[in-house]
Amino acid sequence: MFAKINHMAIISNQYPFLQKYYQAVFGLTTSGKNDFESASVVSDGNLGLNIIPRRDGYVGGLDHFGMVVDSIDIVEDRMRGAYDGAGCVKRPAIRPFAAYSGHDPDGNVFDLAEKDSKNLRDVYTEETKNLKNCTFSRFAIRTPNAEKCAEFYSEVFELRLANRGEGDSNYHLTDGKMTLSIMPWSVDIFAGMSIKRPGPDHIGFTVNNLDAFRAEEKRIGEKNTFLASRRLGGSEESEVRRTLFARNAFGSYQTADPDGNWIDIVQGQD
Amino acid sequence: MFARLNHIAICTDYYAINAKFYEALFGLKTAKKPRPARAVVVSDGYVGMNIIPRREGRCSGLDHFGLEVENIEEARSRIATFDPTIKLLKRPPVRPFAAYSAHDPDTNIFDLSEKKMQKDIYSEDREETRRQFSHFALRTRHAERCAEFYSEVFDLHLINNKDDDPNFYLSDGRMTLAVLQWNMDDYYGMDPQRLGPDHIGFKVESIESLKDDLEDLTGQNPLMRSRPLGYGDEGKARLGLFQSVPLNTYHLTDIEGVYIGASE
């Protein structure tokens, strides 16, 4: 593939804590050379998740994703003209992943790095272990012009448009391993709850055994309540949120990390 | 005026302590009948700010603003004339301000309400505080188009005074809505910030007094601290972008890092 989704980022007020959660519940690991002064970086062996301290002026939550590509020059050529609403900017050299940041026609931000580039460090160049067979499988964005954005990721990055189920209004693009879901945003989707702004919506994991995963998630949360997943549902509005999430999920189980970032869990092959 | 900007909302991981920060530093007052499980609402006597616990699936930070209009049906009609694809959504009745939510052409979200639909702090007669909200700023991709929207639909007055300023400032006669131009190139030296609400502004009697009060506040209660700004190369870049907005003479944050601009 020309492009591979191998980076995600969450901004958090309690970033070391969140790292412990993903390590404990999903068995993600660090590189050992992580610059913890800048962020915590954990990996499933294929994709790195940067958990970034919330800096002044930023919003907390699921923030962006990143792709490693064969050639950034080709990306810029493809974006020019056909996608005037999109753009790229070069980044400072200290980051373990991003050489460039770009955005799609709706302004959804992503990072870019070239394969074998010097910018790649930490979990992005080292072999990391996957301790619990939980692997990232999805990054989902909700955006006003979903079709146009899906076309953008398909044409510029050669992500393959996957088949949709009957009645599915979302677009799913794959790099062969990870799925980028582009879901339409419209204010009336949020009837009965607070309006979510467009942007990153949720992430997905595939686990080998869903029952075993849920038992382990419960055990960890009871052993250390700071590492407990957030409960979904409860009040009337909370049920509306939970139902909206479930309706657009791939998996049969949905949860949230201690900050409230939505996580969809898919049962893989045992 | 047909519309007035009198509602702001922040989603926060620490809603109770953040509300205390705004009470302590800016003298904002809470509702007479609080509903502590839902949110803390504070007011300067004109603008109410809902400080909402971050719920699952949401992000934290400055979230949206709200406009009180003379007539919602008229606002709905004007929105449809400006852009028929923009929809209004009726909201659950539990909210003290919002009767409807809508968005501008760039999907920046705002609440809509009429005076008679409001509850709690928004329906109470309240004394105005010494330090007051002055503006709400959002950063968006099509700033000019959005400024036209707020001007044409809500009769907000354009008060730009510099030709070389890419931003747009619209006034309801008291509060200013700053529509800032978002540009990817502005983020060379830092992480790109997401589109949407950028900062809030306060008018204070004296910047020096505000600084003294912040110093004293943090000394009394170290949980009520503003975030340090301008440290390191990226911190300087972030502060530089914030300082490029000419509405503020002093720059600080709340305890979670939401930008606050102050001027005398």
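Which residues does A:Y153 touch, not counting residues up to four places away in sequence? They are A:D104, A:L159, A:L173 and A:L180.

This is a predicted model: local features need pLDDT of at least 70, side-chain atom pairs count only at pLDDT 80 or more, and totals for chains, interfaces and linings use all residues. Residues are numbered from 1 along each chain as its sequence is written, while chains are lettered from A and ligands numbered from 1 in the order in which they are written.

A:Y153 also belongs with B:Y150 and B:V179: these have the most contacts inside the largest nonpolar core, which has 144 residues. Such a core is a set of buried Ala, Val, Leu, Ile, Met, Phe, Trp, Tyr and Cys residues joined through C-beta atoms within 7 Å. Buried means 20 or more other C-beta atoms within 10 Å of the residue's own, with C-beta atoms placed from the backbone.

Chain B has domain 1 (3-122) and domain 2 (132-263), with bounds from an automatic or database domain assignment. Their centres, taken over C-alpha atoms, are 18 Å apart. Contact means C-beta atoms, placed from the backbone, within 7 Å.

| Contact | One side | Other side |
|---|---|---|
| Domains of chain B | domain 1: 35 residues | domain 2: 34 residues |
| Chains | chain A: 38 residues | chain B: 36 residues |

On the domain 1 side, α1(B) gives the largest share, 8 residues. That side divides into 21 nonpolar, 6 polar and 8 charged residues. The side of chain A that touches chain B has 16 nonpolar, 12 polar and 10 charged. Ala, Val, Leu, Ile, Met, Phe, Trp, Tyr, Cys and Pro count as nonpolar, Asp, Glu, Lys and Arg as charged, and the others, Gly among them, as polar.

Technical notes. Two residues are in contact if their C-beta atoms, placed from the backbone, lie within 7 Å. Helices (H or I, at least four residues) and strands (E, at least two) are DSSP runs, numbered from the N terminus. A residue is buried if 20 or more other C-beta atoms lie within 10 Å of its own, exposed if 12 or fewer, and partly exposed in between; C-beta atoms are placed from the backbone.
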